[in-house]
Structure formats: C-alpha cells, structure tokens
Amino acid sequence: MTQSLLTEAQRQKLDASSDELFYAQPRFVQHLDGAFRSRLTQLYRERLKPGSAVLDLMGSWVSHLPEELSFGEVIGHGLNGQELAANPRLSRHFVQNLNVNQQLPLEDRCLDAVLIVAGWQYLQQPEAVAAELKRVLRGGGQLIVAFSNRMFAQKAPQVWLDGSDRDHLDYVAKVLAHGGWLIEAVIAEDTKPEGPLGWLGGKGDPFFAVVAQRP
Ligand SMILES: C[S@@+](CC[C@H](N)C(=O)[O-])C[C@H]1O[C@@H](n2cnc3c(N)ncnc32)[C@H](O)[C@@H]1O
C-alpha cells in the first residue's frame with residue numbers, strides 16, 4: 001500500500017482535461033537547451049553502466065544518453081507514440097498515462113536504471129509511481145530524476161506550481177525517501193552555453209537532479 005504525502009488539492013492541475021489530448025500531437029522539439037542536455041548526458045556517463053537495462057520514463061524522441069555507451073535495452077515510455085517511435089535509442093516503447101494508471105507493464109526487478117527528464121513535474125500520483133519504479137528496478141538500481149525551471153504550467157499539479165526550484169528538489173527527494181529509496185545525490189547547478197554566449201557569462205537552463213538508489 002502506497003502512503004500518500006500530497007493532499008488532493010496539491011494533485012490538481014489548471015487544465016484537468018486528459019493528458020492524452022495534450023500530448024496527441026507530436027512535438028519534435030528540444031524541451032531543454034544544449035547546456036542542460038550536455039550536463040545531463042555527463043551525469044548519465046558517470047552513473048549508467050554499459051550493457052544495463054534502462055527505462056526512459058516520460059520520454060520523447062530524444063533520450064540524452066551518451067552516444068558512445070551501449071545498453072542491453074532502452075525501453076521508452078511516454079504519451080506520444082510518434083515521438084517514441086522516432087527515438088533512435090529505444091529498443092521498444094509503450095504509451096501509458098501515469099496519472100490514470102501507475103502499474104507498469106514490466107516484470108519485477110527487470111531494470112538497472114530509470115530516467116525521468118522534465119517529467120516528474122506532471123505526476124499527480126508520484127508516490128504510486130515511485131513505488132512501481134521500486135518494483136521494476138533491481139536492488140542497487142538507480143533512479144535519476146532531472147528537471148529545469150520550465151514546465152507546461154497548465155499540466156503541472158499544484159504542488160509543483162507552488163514551489164521554488166529548491167522546493168522541487170526537496171519535494172522529489174522527500175517522496176522518494178518516504179518510499180524507502182536511498183537518496184544518493186541532490187544536484188543544483190547553473191549551466192553555461194557553449195561558444196560566445198558562454199564566454200560572455202550567459203547562462204543556460206539550470207540543472208536540477210535527484211539520484212536515488214533502490215535498496
Ligand atoms: C517536457 S516533455 C519531456 C520529454 C523528454 N523526457 C525529454 O527530455 O525531451 C514531458 C513528457 O512527459 C510525458 N508525460 C506528461 N504527462 C504524462 C502522463 N500523464 N503520463 C505519462 N507521461 C506523461 C510526455 O510524454 C512528455 O513527453
């Protein structure tokens with residue numbers, strides 16, 4: 001039985017229409033800038049092991065994985081089948097609304113890592129999703145939740161809208177710790193664009209991540 005941390009009011013979104021409708025049209029865009037994506041790929045390079053089985057949860061047509069790393073399997077998940085079908089890193093994928101059904105069509109302990117990029121902010125039942133991710137990960141498996149300071153505000157639950165960047169990190173870590181995960185790292189960093197913008201002191205999308213381990 002999953003314990004609730006959020007109130008019903010904190011789970012509500014401004015746009016209560018179905019998420020499938022919102023994601024019905026594919027968006028072949030980058031949701032995060034190059035500086036953020038480089039930092040994320042570097043984190044994956046440091047944390048993910050070659051040959052492992054990975055789930056890219058709440059994914060799209062890009063997975064941000066290091067090109068030189070090959071995996072046993074990369075399973076994709078999201079709400080738009082066309083985006084997922086166009087993602088060259090995925091071995092297979094499935095489409096499922098996690099705000100309606102949190103049970104994943106995956107065996108117990110079949111994965112080594114789960115990645116969520118710019119996705120947690122749309123979860124209305126994060127406790128149940130976290131419990132399910134614990135089920136499908138092997139002992140010692142990693143969950144990497146990364147995000148920046150942007151969102152589709154109408155689709156983010158109130159708990160996310162109410163919080164600052166720091167609150168978002170605390171919130172993700174709190175849900176995971178409460179669900180029995182070991183928090184390995186909480187990362188909050190500025191990023192720097194490549195080239196002239198970076199040399200002139202310009203900033204990229206800020207990088208936030210929580211890395212947790214399944215005990
Ligand atoms: C901002 S995009 C990020 C996509 C991808 N992770 C990336 O880095 O480009 C948010 C993603 O969350 C997924 N998503 C949003 N709401 C969802 C829901 N209720 N159930 C499952 N996936 C959802 C969508 O598939 C969408 O692609």
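These legends walk through several close-up views of one predicted model.

**View 1. The whole protein comes first, to get your bearings.**
The secondary structure adds up to eight helices and seven strands. Measured out along the principal axes, the C-alpha atoms take up a box of roughly 50 × 40 × 35 Å. The radius of gyration is 16 Å, which agrees with the value near 17 Å that a compact globule of 215 residues would have. Of those 215 residues, 39% are buried. If you look at contacts with a separation of 6 or more, 69% of them link residues 24 or more positions apart.

**View 2. Here is the sheet, with its seven strands in a row.**
The strands form an open sheet, and their order across it is 3-2-1-4-5-7-6. The pairing is mixed. At the edges you'll find strand 3 (92-95) and strand 6 (182-189), each pairing on one side only. From one strand to the next, the twist averages 15°.

**View 3. This one follows the run from strand 3 through strand 2 to strand 1.**
Strand 2 and strand 3 are joined in the parallel sense by four bridges. One spot to find is I75, whose bridge partner in strand 3 is R92. Strand 2 also pairs with strand 1, in the parallel sense and over four bridges. I75 turns up here too, as the bridge partner of L55. Strand 2 (residues 73-78) is largely enclosed by the rest of the structure, because five of its six residues are buried.

**View 4. Now we move to strand 4 and the strands beside it.**
Strand 1 (residues 53-57) pairs with strand 4 in the parallel sense, over four bridges. To pick out this pairing, look for L57 and its bridge partner in strand 4, I116. Strand 4 also pairs with strand 5, in the parallel sense over six bridges. There, L111 has L137 of strand 5 as its bridge partner. How many of the seven residues of strand 4 are buried? Seven of the seven are, so strand 4 is largely enclosed by the rest of the structure.

**View 5. Strand 7 sits between strand 5 and strand 6, and the pairing here is antiparallel.**
Strand 5 and strand 7 run antiparallel, with six bridges joining them. A handy place to see this is L143, which has A212 as its bridge partner in strand 7. Strand 7 (residues 207-213) also pairs with strand 6 in the antiparallel sense, this time over seven bridges. In that pairing, A188 meets its bridge partner F208, while L182 stands opposite Q213. Six of the seven residues of strand 7 are buried, so the strand is largely enclosed by the rest of the structure. As you trace any of these strands, keep one rule of thumb in mind: in a regular strand the side chains alternate between the two faces of the sheet.

**View 6. Two helices pack against the sheet.**
Helix 7 (residues 165-178) lies across strand 5 (137-147), strand 6 and strand 7, running at about 10° to strand 7. Helix 5 (residues 126-136) has its own set of buried residues: P126, V129, A130, E132, L133, K134 and V136. What do these buried residues of helix 5 pack against? They pack against strand 4 (111-117), strand 5 and helix 7. When reading such a list, remember that an α-helix has 3.6 residues a turn, so residues three or four places apart point the same way.

**View 7. A look around the ligand.**
There are 17 residues around the ligand, and M58, G78, L79, L98 and V117 come nearest. By class, this shell holds eight nonpolar residues, eight polar ones and one charged one.

**View 8. Last, a close-up of L14.**
L14 lies in the loop between helix 1 (8-11) and helix 2 (19-22). Is L14 buried or exposed? It counts as exposed, because L14 has 12 C-beta neighbours inside 10 Å. Leaving out residues up to four places away in sequence, L14 touches A153 and Q154. L14 and A153 are 139 residues apart along the chain, yet their C-alpha atoms are separated by 7.8 Å.

Key: Residues are numbered from 1 along each chain as its sequence is written. This is a predicted model: local features need pLDDT of at least 70, side-chain atom pairs count only at pLDDT 80 or more; totals for chains, interfaces and linings use all residues. A residue is near a molecule or strand if its C-beta atom, placed from the backbone, lies within 6 Å of it. Ala, Val, Leu, Ile, Met, Phe, Trp, Tyr, Cys and Pro count as nonpolar, Asp, Glu, Lys and Arg as charged, and the others, Gly among them, as polar. Helices (H or I, at least four residues) and strands (E, at least two) are DSSP runs, numbered from the N terminus. The radius of gyration is taken over C-alpha atoms; the globule rule is 2.2 Å times the number of residues to the power 0.38. A residue is buried if 20 or more other C-beta atoms lie within 10 Å of its own, exposed if 12 or fewer, and partly exposed in between; C-beta atoms are placed from the backbone. Two residues are in contact if their C-beta atoms, placed from the backbone, lie within 7 Å. Two strands pair if DSSP finds at least two bridges between them. Axes are lines fitted to C-alpha atoms, for helices over the stretch in contact, and angles run from 0 to 180 degrees between N-to-C directions.
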